[in-house]
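Here is a short walk through one protein chain. Keep the sequence and the 3D view side by side as you read.

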Amino acid sequence: HNPPVNSIKFSPDGQLLATASNDGTVRLWDVNRGRLVDILQGHEGWVWSVAFAPDGHSLVSAGWDGTIRIWRRQA
């Protein structure tokens with residue numbers, strides 16, 4: 001990320017970490033391996049917050065651009 005990181009959340013199973021940043025991206029990290037899994041792009045500016053759905057298959061992000069994005073992951 002291009003600093004700062006504004007929000008971090010663990011997935012319900014604890015396997016992934018989602019981070020939101022001023023670089024306009026949400027990044028998913030494999031907690032056990034400490035590696036980047038995916039970069040989610042679509043916001044036009046800073047991403048303020050991220051949250052996982054209870055099932056862990058959806059992630060929601062809120063951005064400075066006034067949008068909320070729903071990201072769906074494959075099982």
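Start at valine 5. Setting aside neighbours within four places in sequence, valine 5 is in contact with Thr19, Ala20 and Ser21. Valine 5 itself lies in strand β1, which covers residues 5–10. The residue is partly exposed, with a relative accessible area of 42%. Look next for valine 26. It sits 21 residues from valine 5 along the chain, and the two C-alpha atoms are separated by 9.7 Å. Bear in mind that this is a predicted model.

Now step back to the whole chain. What does the chain contain in helices and strands? There are 0 helices and 7 strands. Read along the sequence, the pattern is β-β-β-β-β-β-β. The radius of gyration is 11 Å, close to the 11 Å that the globule rule gives for 75 residues, so the chain is as compact as a globular protein of that length. Its C-alpha trace spans about 30 × 20 × 15 Å along the principal axes.

Next, consider burial and contacts. Buried residues make up 35% of the 75 residues. The chain exposes about 4,700 Å², and carbon and sulfur atoms supply 52% of that area. Take the contacts with a separation of 6 or more: residues 24 or more positions apart account for 25% of them.

Move on to serine 11. It is found in the loop between β1 and β2, where β2 covers 16–21. Is serine 11 buried or exposed? Serine 11 has 5% relative accessibility, so it counts as buried, the cut-off being under 20%. Beyond its neighbours within four places in sequence, serine 11 is in contact with Leu16 and Phe52. Valine 31 is 20 residues away from serine 11 in sequence, and their C-alpha atoms are 9.8 Å apart in space.

Strand β5 is the next stop. It covers residues 47–52, and alanine 51 is found in it. Which residues does alanine 51 contact, leaving aside neighbours within four places in sequence? They are Lys9, Ser58, Leu59 and Val60. Alanine 51 is partly exposed, with a relative accessible area of 35%. Now find isoleucine 8. It is 43 residues from alanine 51 in sequence, yet the two are 8.3 Å apart in space, C-alpha to C-alpha.

Finish with charge. The chain has 7 positive and 7 negative side chains. The centres of the two sets lie 4 Å apart. How many salt bridges does a search of the whole structure find? The search finds 1 salt bridge. Its partners are arginine 27 and aspartate 23, with the closest N and O atoms 3.3 Å apart. That distance fits the definition, because a salt bridge needs a side-chain nitrogen of Lys or Arg within 4 Å of a carboxyl oxygen of Asp or Glu. Check how each partner is covered. Arginine 27 is buried, with a relative accessible area of 16%. Aspartate 23 is partly exposed, with a relative accessible area of 24%. The two fall into separate classes because buried means under 20%, and partly exposed runs from there up to the exposed class, which is over 50%.

Conventions:
Residues are numbered from 1 along each chain as its sequence is written. This is a predicted model: local features need pLDDT of at least 70, side-chain atom pairs count only at pLDDT 80 or more; totals for chains, interfaces and linings use all residues. Side-chain values use heavy atoms; hydrogens and water are left out. Helices (H or I, at least four residues) and strands (E, at least two) are DSSP runs, numbered from the N terminus. The radius of gyration is taken over C-alpha atoms; the globule rule is 2.2 Å times the number of residues to the power 0.38. Buried means under 20% relative accessible area, exposed over 50%, partly exposed in between (1.4 Å probe, protein chains only). Contact means heavy atoms within 4.5 Å. Accessible areas come from the Shrake-Rupley method with a 1.4 Å probe; for residues, only the protein chains shown count as cover. Lys and Arg count as positive and Asp and Glu as negative; His and the chain ends are not counted. The place of a charge is taken as NZ of Lys, CZ of Arg, CG of Asp or CD of Glu.
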